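Dear colleague,

Here is the structure I promised to pass on to you, with the sequence alongside. Below the structure I have written out what was found in it, and I would be glad if you could read the notes with the coordinates open.

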Amino acid sequence: MPHGQPATVPDDRLTTRQRRNRPLLMVHAGDGKGKSTAAFGLALRAWNQGFRIAVFQFVKSAKWRIGEQTALERLGSLHSHTGEGGPVEWFKMGSGWSWSRKAGTEDDHAAAAAEGWQEIKRRLAAEAHDLYVLDEFTYPMAWGWVDVDDVVETLTNRPGRQHVVITGRHADPRLIEIADLVTEMRKVKHPMDAGQKGQRGIEW
């Protein structure tokens, strides 16, 4: 894509403007660090354009308040007071599903994930948001808590101009197939390889 120009122009009978403004399904996958960080960076960019943003966080502990949540919620508050940017809503769909599975049973977490997906479906049908960040949503699909075929059908047929970005490892091939943009984060080196734990301002 030299100078921001597409390598090919499909014969789809769309104008340049129509093609440019098509809603995107984006997937940030792979074993490397940065999948969620990239998605939240996209949300910041979208907020600046006045997008209505919804973040559904599917795996990290509900007790763990990450820095991006504070920043985006403050931007949402700024929008409420001044009209700048766009509205922001943030939802946590479980309590400690990955690194700290303490609160609730696996059935509880599965039920919470399923209900979270149903809420996303309702909002997509209502065209409630312009950008959905489904953070670490690949895991509920991989664990069988959310039906992949239902996700694929819903996202493929979502109405209007609603962008969706999904993050997480082990992305299902069916999801990859329908996505418009897929980025794989590949780990080359990581501080944890040398015994260093996550730190403030980098991991949270």
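Arg123, once its neighbours within four places in sequence are left aside, is in contact with Phe56, Glu89, Phe91, Ala128, His129, Tyr132 and Gln162. Please keep in mind, here and in everything that follows, that this is a predicted model. Arg123 itself lies in helix 4, which covers residues 106–125, and its relative accessible area is 15%, under the 20% limit, so Arg123 counts as buried.

As for the chain as a whole, it has 7 helices and 6 strands, and read along the sequence these follow the pattern α-β-α-β-α-β-α-β-α-α-β-α-β. The chain has 204 residues, of which 39% count as buried, and its accessible surface comes to about 12,000 Å², with 50% of that belonging to carbon and sulfur atoms. If one takes the contacts in the chain with a separation of 6 or more, 79% of them are accounted for by residues 24 or more positions apart.

The next point concerns two of the helices. Helix 2 (residues 35–48) packs with helix 3 (residues 67–82) at an angle of about 10 degrees, and the axes of the two are 11 Å apart. That angle makes helix 2 roughly parallel to helix 3, because angles under 35 degrees are counted in that way. On the side of helix 2 the residues that meet the partner are Thr37, Phe40, Ala43, Leu44 and Trp47, while helix 3 contributes Glu68, Leu72, Leu75, Gly76, Leu78 and His79. Sorted by character, the residues of this contact divide into 7 nonpolar, 3 polar and 1 charged.

Leu78, in helix 3, may be worth a look while you have that contact on the screen. With a relative accessible area of 31%, Leu78 is partly exposed, and, not counting residues up to four places away in sequence, it touches Trp47, Gly83 and Glu84. Leu78 and Val88, which are 10 residues apart in sequence, are 9.9 Å apart in space when taken from C-alpha to C-alpha.

Finally, there are the aromatic rings, of which the structure holds 6 pairs. In one of them, the rings of Phe58 and Phe137 have their centres 4.7 Å apart and their planes at 45 degrees, so this pair is tilted. The pair links distant parts of the chain, since Phe58 is in the loop between strand 2 (53–57) and helix 3, whereas Phe137 is in the loop between strand 4 (131–135) and helix 5 (138–142), 79 residues apart. Both Phe58 and Phe137 are buried, and ring pairs link Phe58, Trp117 and Phe137 into a cluster.

Tyr139 and Trp143 form an aromatic pair that is also tilted, at 5.7 Å centre to centre and with 35 degrees between the planes. How do the two partners differ in their exposure, buried or partly exposed? Tyr139 is buried, with a relative accessible area of 15%, whereas Trp143, at 33% relative accessibility, counts as partly exposed, because the limit for buried is under 20%.

With best wishes

Terms used:
Residues are numbered from 1 along each chain as its sequence is written. This is a predicted model: local features need pLDDT of at least 70, side-chain atom pairs count only at pLDDT 80 or more; totals for chains, interfaces and linings use all residues. Side-chain values use heavy atoms; hydrogens and water are left out. Axes are lines fitted to C-alpha atoms, for helices over the stretch in contact, and angles run from 0 to 180 degrees between N-to-C directions. Helices (H or I, at least four residues) and strands (E, at least two) are DSSP runs, numbered from the N terminus. Angles under 35 degrees count as roughly parallel, over 145 as roughly antiparallel, 65 to 115 as roughly perpendicular and the rest as oblique. Contact means heavy atoms within 4.5 Å. Ala, Val, Leu, Ile, Met, Phe, Trp, Tyr, Cys and Pro count as nonpolar, Asp, Glu, Lys and Arg as charged, and the others, Gly among them, as polar. Buried means under 20% relative accessible area, exposed over 50%, partly exposed in between (1.4 Å probe, protein chains only). Accessible areas come from the Shrake-Rupley method with a 1.4 Å probe; for residues, only the protein chains shown count as cover. Rings of Phe, Tyr and Trp (its six-membered ring) pair if their centres lie within 6.5 Å; planes under 30 degrees apart count as stacked, over 60 as edge-to-face and the rest as tilted.
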